[in-house]
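Work through the exercises below with the sequence and the model side by side. Try each task before reading its solution.

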Amino acid sequence: AAAGNSPAMKQVKLDKESELRIEVNVNSSLRLRLLSGTAEIFGTEMPPENWLIFPPRMKFAIFTWYGATIEMQDNTETDYVADETPMISYVNVHAVLEGRRKRAKASAGDADASQGPRVIVVGPTDSGKSTLSRMLLSWAAKQGWKPTFVDLDIGQGSITLPGCIAATPIEMPIDPVEGIPLEMPLVYFFGHNTPTVNADLYRVLVKELAQILERQFSVNAESRAAGMVINTMGFIDGLGYDLLLHAIDTFQATVVLVLGQDKLCSMLKDALKQKQNVDVVKLQKSGGVVSRNSKFRAIARNQRIREYFYGLSNDLSPHSSIANFSDLAIYRIGGGPQAPASALPIGAQPVADPMRLVPVNINRDLLNLVLAVSFAKEQDQILSSNIAGFIWITDIDIPRKKITYLAPSAGELPSKFLLMGSLTWIET
Ligand code: ADP
């Protein structure tokens, strides 16, 4: 790097069908631009000559089909050019999906044939699932489709916060820096970043989300023909595998893309061989996918929460509010025995009811928790309601019975019903 605070610049020439893989420095952002040629970042075309600024830690690739020159600051953690990528096989998948969308569009009115492809992307953690989902969505959007992105990965949260499952239509190629616009996603709150905490609840929420989308597709031919791309968790053994099958079944997936695992692919082929209209396709994992350890993941989750309240570049101004304990009703779902042991037959173990709505007493333990704000108007709607957004508890005043929280904007919460999980945030 150059002396002073502006790092030296460099130019990188990319041959056709190669990519520049970049890990942005931990402490500083990265400025770069497309100087000549054409290139895309995870399916979204780069604008010519405009400077793009990538935040610290971001890992991404600039791919070119026909050749390009990139000008960039010379201060990355790593950057290198690779000429072996699975991009041709990925774009071939896109072409097949494109054909199916066109056929679906031409069959408007026919309940079955008018349904576009329902693609589900599966594979271990760090196999490039989110990235492939993103490319398929951006390529489709570039051609004018509005596919629905469904994110079932509660560990990362590409649409909203970790701990949630969510869906949103993708109307434009996804911004390489900003990611998916947070406009009006359909979000269900699970509350934890692993499904083992309450797998039954996870299944119920997946079903709820699928039903709502099904209803939307039945009245919207355009989004029905565009189909969906479903991203899943990297948890693929035991319970994880069962949940994958559950998701494939619940969303009636027609294409299963398996990234980088032969065993998973053959297990799914076997499990789904009775279903005639499901294709299980194995795809190569990109050598560029970066493995992230649990510490990195924890930092990324934390950043995601910060971004929700403050924006990617501190461009949002969240609002701090104070409420009376009595103005809010906080619940968690599941856990706790259904009935006291004394009320059970001798020898029976009290079972935890995974779907029980448990009222939460407000005390200092709630400090730093991120709570979801339900759309429910009545208590009995909470389980089946999606959520409006999140608040972060910053202070609890027991003597005055007041709770201070941060919300994305000022004004009253859309509902007094709040959901609690294990999602916390500490401002850094
Ligand atoms: P998964 O969803 O399977 O856990 P991701 O798609 O999130 O995996 O990929 C893991 C990380 O690797 C992400 O930070 C992503 O941006 C990065 N990545 C994916 N493909 C490439 C590539 N070709 N070059 C550089 N980084 C990549």
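Two residues are in contact when heavy atoms of theirs lie within 4.5 Å. The model is predicted: local features need pLDDT of at least 70, side-chain atom pairs count only at pLDDT 80 or more, and totals for chains, interfaces and linings use all residues. Residues are numbered from 1 along each chain as its sequence is written, and side-chain values use heavy atoms, with hydrogens and water left out.

**Exercise 1. Place alanine 329 and list its contacts.**

Step 1. Find the element. Helices (H or I, at least four residues) and strands (E, at least two) are DSSP runs, numbered from the N terminus. Alanine 329 sits in strand β18, residues 329-333.

Step 2. Is alanine 329 buried or exposed? Buried means under 20% relative accessible area, exposed over 50%, and partly exposed in between (1.4 Å probe, protein chains only). The value for alanine 329 is 14%, so this residue counts as buried.

Step 3. Set aside the neighbours within four places in sequence. Alanine 329 is then in contact with Lys416, Phe417 and Leu418.

Step 4. Check a distance. Alanine 329 and aspartate 395 are 66 residues apart along the chain, and their C-alpha atoms are separated by 17 Å.

**Exercise 2. Classify the aromatic pairs of helix α7.**

Step 1. Know what to look for. A pair of aromatic rings is described by the distance of the centres and the angle of the planes. Rings of Phe, Tyr and Trp (its six-membered ring) pair if their centres lie within 6.5 Å; planes under 30 degrees apart count as stacked, over 60 as edge-to-face and the rest as tilted. The count by this rule is 10 aromatic pairs.

Step 2. Take tyrosine 308 and phenylalanine 390. Their centres are 5.2 Å apart and their planes at 90°, an edge-to-face pair. Tyrosine 308 belongs to helix α7 (residues 294-310) and phenylalanine 390 to strand β21 (residues 387-397), so the pair ties together parts 82 residues apart in sequence.

Step 3. Add burial. Tyrosine 308 is buried at 14% relative accessibility. Phenylalanine 390 is buried too, at 3%.

Step 4. Take phenylalanine 309 and tryptophan 425. The ring centres are 6.1 Å apart and the planes at 20°, so this pair is stacked. Phenylalanine 309 lies in helix α7 and tryptophan 425 in the segment after β23 (417-419), so parts 116 residues apart in sequence are tied together. Both residues are buried.

Step 5. Put the rings together. One aromatic cluster is formed by Phe189, Tyr308, Phe309, Tyr310, Phe390, Trp392 and Trp425.

**Exercise 3. Find which arginine lies over the face of tyrosine 310.**

Step 1. Apply the rule. A charge sits over a ring if NZ of Lys or CZ of Arg is within 6 Å of the ring centre and within 35 degrees of the ring normal.

Step 2. Arginine 306 lies over the face of tyrosine 310, at 4.6 Å from the ring centre.

Step 3. Look at another case. Arginine 31 lies over the face of tryptophan 51, at 4.6 Å from the ring centre.

**Exercise 4. Describe the surroundings of the ligand.**

Step 1. Count the shell. A residue is near a molecule if one of its heavy atoms lies within 4 Å of it. The ligand is surrounded by 19 residues, and the closest are Glu19, Lys59, Lys129, Ser130 and Thr131.

Step 2. Find polar contacts. These are pairs of N or O atoms within 3.5 Å; within protein, one must be able to donate a hydrogen and the other to accept it, and residues adjacent in sequence count only if both atoms are side-chain atoms. A side-chain N or O atom of serine 130 is 2.6 Å from a ligand oxygen. A backbone N or O atom of serine 127 lies 3.0 Å from an oxygen atom of the ligand. A polar backbone atom of valine 290 is 3.1 Å from a ligand oxygen.

Step 3. Turn to area, by the Shrake-Rupley method with a 1.4 Å probe; for residues, only the protein chains shown count as cover. Taken alone the ligand exposes 560 Å², and the protein buries 92% of that.

Step 4. Name the elements. Those giving two or more residues to the shell are β2 (18-23), β7 (59-64) and α2 (129-142).

**Exercise 5. Trace the partners of aspartate 126.**

Step 1. Aspartate 126 is in the loop between β10 (118-122) and α2. Its relative accessible area is 9%, so aspartate 126 is buried.

Step 2. Its side chain and that of arginine 292 are joined by a polar contact of 2.7 Å.

Step 3. Not counting residues up to four places away in sequence, aspartate 126 touches Lys285, Val289, Val290, Ser291, Arg292 and Arg297.
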